[in-house]
Amino acid sequence: MSKTLTCIVCPNGCELHVDGENISGYKCPRGLNYAKEELFAPKRMVTSSVKITGLDEVCPVKTSSNVPKEKMFEVIKEINKVSLKRPIKYHQIIIKNVLGLGVDIISTKEFD
């Protein structure tokens, strides 16, 4: 299995070459870690929005850290079950430990 990835960990954007278990092209250890994670256990940040009772606006939310890529849609389903009441603080925990992943859903905007 030969594959080429572009590292997104830092601005260098190293072109990583993967051939079997051999990884080359990285300029720092973070690039190596990125390639390993992307190939064997990919994770992503999830962003979405939550309804706010009594407002025509929605509250933007995100995961507090990356979640396994295969769990992204399950996380979004959990987010869609929630409706919030004001006040909402910046970085307020909206869902604690979503799906038991050790990751919280947090607000990214404040509403009084």
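Contact here means heavy atoms within 4.5 Å. The notes below concern a predicted model.

1. **Val-61 and its contacts.** Set aside the neighbours within four places in sequence. Val-61 is then in contact with Val-46, Thr-47, Ser-48, Ser-49 and Val-50. It also touches Ile-79, Ile-94, Ile-105, Ile-106, Ser-107 and Thr-108.

2. **The largest nonpolar core.** This core has 16 residues. Which of them touch the most other members? They are Cys-59, Val-61, Val-75, Ile-79 and Ile-105. Four elements give two or more residues to this core: β5 (47-52), β6 (58-63), α2 (72-80) and β9 (93-95). There is also a second, separate core of 9 residues, with Leu-16, Val-18, Tyr-34 and Ala-35 among them. The general background is simple: in soluble globular proteins, nonpolar side chains tend to be buried together.

3. **The two faces of β6.** In a regular strand, side chains alternate between the two faces of the sheet. Look along β6 for this pattern. Cys-59, Val-61 and Thr-63 point to one face and are buried. Val-58, Pro-60 and Lys-62 point to the other face and are not buried.

4. **The partners of β6.** β5 and β6 run antiparallel and are joined by 5 bridges. In this pairing, Ser-49 stands opposite Pro-60. The two strands form a hairpin, with 5 residues between them. Gly-54 sits in the turn and has a positive phi of about 85°. β6 also pairs with β10 (residues 105-107), again in the antiparallel sense, over 3 bridges. Here Lys-62 stands opposite Ile-106.

5. **The three-stranded sheet.** An open sheet of 3 strands has the order β1-β2-β3, and the pairing is antiparallel. β1 (2-6) and β3 (22-24) stand at the edges. Each has a single partner strand, so one side of each is left without a neighbour in the sheet. The twist averages 20° from one strand to the next. β2 (residues 15-19) pairs with β3 over 3 bridges. His-17 has Ser-24 in β3 as its bridge partner. Helix α1 (residues 29-40) packs on this sheet and touches β1, β2 and β3. The direction of α1 makes about 120° with that of β1.

6. **Cysteines without a disulfide.** How many disulfides does the model have? The count is 0. Take Cys-10, which is buried at 17% relative accessible area. The closest cysteine sulfur to that of Cys-10 is in Cys-28, 5.0 Å away. A disulfide needs the two sulfur atoms within 2.5 Å, so this pair is too far apart for a bond. Cys-28 is in no disulfide either.

7. **Ala-41 and Pro-68.** Ala-41 is in the loop between α1 and β4 (43-44). Its relative accessibility is 39%, which counts as partly exposed. Ala-41 and Pro-68 are 27 residues apart along the chain, yet their C-alpha atoms are separated by 7.0 Å.

8. **Backbone points to check by eye.** Most residues other than glycine have a negative phi, and most peptide bonds are trans. Start with the loop between β8 (83-84) and β9, where Pro-87 lies. The peptide bond from Arg-86 to Pro-87 is cis, with omega near 0°. His-91 is found in the loop between β8 and β9 as well. Its phi is positive, near 65°. His-91 is partly exposed, at 38% relative accessible area. Leu-99, in the loop between β9 and β10, has a positive phi of about 55°. Leu-99 is partly exposed at 37%.

9. **Salt bridges.** The count comes to 5 salt bridges. One of them joins Glu-74 and Lys-71, whose closest N and O atoms are 3.8 Å apart. Glu-74 is partly exposed at 36%, and Lys-71 is partly exposed at 28%. Glu-78 and Lys-81 meet at 2.9 Å, N to O. Glu-78 is partly exposed at 25%, whereas Lys-81 is exposed at 62%. Lys-96 and Asp-104 meet at 4.0 Å, N to O. Is each partner buried or exposed? Lys-96 is exposed, at 62% relative accessible area. Asp-104 is buried, at 15%.

Technical notes: Residues are numbered from 1 along each chain as its sequence is written. This is a predicted model: local features need pLDDT of at least 70, side-chain atom pairs count only at pLDDT 80 or more; totals for chains, interfaces and linings use all residues. Side-chain values use heavy atoms; hydrogens and water are left out. A nonpolar core is a set of buried Ala, Val, Leu, Ile, Met, Phe, Trp, Tyr and Cys residues joined through side-chain atoms within 4.5 Å. Buried means under 20% relative accessible area, exposed over 50%, partly exposed in between (1.4 Å probe, protein chains only). Two strands pair if DSSP finds at least two bridges between them. Axes are lines fitted to C-alpha atoms, for helices over the stretch in contact, and angles run from 0 to 180 degrees between N-to-C directions. A salt bridge is a side-chain nitrogen of Lys or Arg within 4 Å of a carboxyl oxygen of Asp or Glu.
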